[in-house]
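Open the model in a viewer and keep the sequence panel visible. The stops below give a selection each time, followed by what is found there.

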Amino acid sequence: MYNLSCYNPTSFILVGIPGLEKYHIWIGIPFCIIYIVATVGNCILLYLIAVEQSLHEPMFFFLSMLASTDLILCTTTVPKLLGNLWFGSQEITFSGCLTQMFFLHFSFVVDSAILLAMAFDRYVAICFPLRYNSILTPQVIIKLMVSIVARSFWVILPDVFLLKRLPFCSTRIIPHTYCEHIGVARLSSADISINIWYGFSVPLMTVISDVIFISVSYIFILHAVFQLSSQGARQKALNTCGSHVCVILMFYTPAFFSILAHRFGHGVPRNVLILFANFYVAIPPALNPVVYGVKTKQIQDKFILLFFLKKTQ
């Protein structure tokens with residue numbers, strides 16, 4: 001029975017942010033505001049793209065997929081974080097922990113693949129403008145979306161089974177605010193070398209390959225832009241990529257910083273790393289709709305038309 005309970009634990013305890021327990025209520029306030037902004041912003045973005053026929057273009061279909069994934073990413077972690085900080089709800093079931101871990105990593109890999117698809121969209125739009133509609137047909141868009149979800153699903157699914165095979169006999173206390181693969185695996189007294197190898201290398205190599213292809217796309221884009229004779233045409237072409245570049249920087253920069261900090265930042269206090277990890281899953285989903293709303297004129301115009309001009313009529 002003891003061995004059975006080791007392999008089928010009922011629950012884990014999420015400690016929260018160690019060392020900052022007396023500030024938990026105050027720490028929860030900015031996360032609550034960020035979560036509300038992320039939820040409202042992405043829902044408005046999805047609504048605009050759904051109801052406005054003029055936004056039914058490949059770029060906005062990818063943007064709607066990004067908004068949906070961002071909602072999944074922040075909803076997977078922030079509500080549980082707020083329950084922990086404000087109400088002391090530290091317990092999470094084993095199945096709930098695996099579910100949270102899966103959707104956390106799944107959303108990250110999906111986001112990366114969507115950014116690659118959006119880079120490909122900008123590459124076709126700038127380098128082959130006359131063939132844009134014939135290359136990115138609705139059938140091609142659907143195939144790209146399905147392949148993005150399928151690739152991410154099959155990359156992350158083994159993490160679930162790699163955790164389910166481990167015994168958790170010594171401790172079930174997770175020094176974090178959410179479940180992530182390596183953090184949970186380290187609670188086991190068994191050999192977790194395959195978890196470390198797969199958990200780091202496969203998703204990381206998937207994301208790095210996305211970064212490489214995005215970089216190659218922008219090399220071709222810049223080459224095509226600087227061959228344009230008109231300064232106005234160059235500026236217009238670069239402006240169409242501005243919001244995408246901002247989102248890429250907001251997504252990848254803190255991600256790689258977090259990976260390096262966990263790998264080499266042994267002198268960094270653990271509560272700082274945990275705070276940074278939580279801001280990383282909360283802030284980009286909140287900022288992405290703001291960036292696209294500010295930098296994309298079509299979304300600006302439709303937002304003003306729907307939410308402001310209708311009220312004045």
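Begin with residues 102–120: this stretch is 100% helix and 0% strand, and its end C-alpha atoms are 27 Å apart. Helices (H or I, at least four residues) and strands (E, at least two) are DSSP runs numbered from the N terminus. The model is predicted, so local features need pLDDT of at least 70 and side-chain atom pairs count only at pLDDT 80 or more, while totals for chains, interfaces and linings use all residues. Residues are numbered from 1 along each chain as its sequence is written, and side-chain values use heavy atoms, with hydrogens and water left out.

**Annotated spans**

The stretch just selected is one of those that UniProt, in an unreviewed entry, gives as "transmembrane region"; the full set is 23–48, 60–82, 102–120, 140–157, 196–225, 237–260 and 272–294. UniProt positions are in the numbering used here, feature names are shortened, and annotations may be inferred rather than shown by experiment. Select 23–48 next: the span is 96% helix and 0% strand, with its end C-alpha atoms 38 Å apart.

**The sheet**

Select residues 11–14, which are strand β1, then add β2 (91–93) and β3 (173–174). The three strands make an open sheet of mixed pairing, in the order β2-β1-β3. Both β2 and β3 are edge strands, each pairing on one side only. Two strands count as paired if DSSP finds at least two bridges between them. Strands of a sheet pair through backbone hydrogen bonds, either parallel or antiparallel.

β1 and β2 run antiparallel and are joined by three bridges; look for Ser11 opposite Thr93. On the other side, β1 and β3 pair in the parallel sense over two bridges, and Leu14 has Ile174 as its bridge partner in β3.

Now add helix α4 (residues 94–127). Helix α4 packs on the sheet and touches β1, β2 and β3; contact means heavy atoms within 4.5 Å. The direction of α4 makes about 85° with that of β2. Axes are lines fitted to C-alpha atoms, for helices over the stretch in contact, and angles run from 0 to 180 degrees between N-to-C directions.

**Cysteines**

How many disulfides does a search of the whole structure find? There is one, and it joins Cys97 to Cys179, S to S 2.1 Å. A disulfide here is a pair of cysteine sulfur atoms within 2.5 Å. Cys97 lies in helix α4 and Cys179 in the loop between β3 and α7 (181–185), so the pair ties together parts that are 82 residues apart in sequence. The torsion about the S-S bond is about -120°, so this disulfide is left-handed.

Colour by accessibility, where buried means under 20% relative accessible area, exposed over 50% and partly exposed in between (1.4 Å probe, protein chains only). Cys97 is buried at 1%, and Cys179 is buried at 0%.

Move to Cys43, found in helix α2 (residues 24–51). Cys43 is in no disulfide, and the nearest cysteine sulfur, that of Cys74, is 9.1 Å away. Cys43 is partly exposed, at 39% relative accessibility. Then select Cys246: its sulfur is 11 Å from the closest cysteine sulfur, in Cys241, which is too far for a bond. Cys246 is also partly exposed, at 32%.

**Nonpolar cores**

A nonpolar core is a set of buried Ala, Val, Leu, Ile, Met, Phe, Trp, Tyr and Cys residues joined through side-chain atoms within 4.5 Å. The largest has 72 residues; Phe12, Leu63, Leu115, Met118, Ile174, Cys179 and Val184 have the most contacts inside it. Helix α4 gives the most to this core, with 17 residues.

Centre on Val184. Leaving aside neighbours within four places in sequence, Val184 is in contact with Phe12, Cys97, Leu163, Phe168, Ile174 and Cys179. A second, separate core has 15 residues, among them Ala38, Cys74, Val78 and Leu82.

**Last stop**

Finish at Phe128, in the loop between α4 and α5 (132–135). Is Phe128 buried or partly exposed? At 32% relative accessibility, Phe128 counts as partly exposed. Phe128 touches Tyr123 and Ile135, not counting residues up to four places away in sequence. Measure C-alpha to C-alpha from Phe128 to Ala224: the two are 9.6 Å apart in space and 96 residues apart in sequence.
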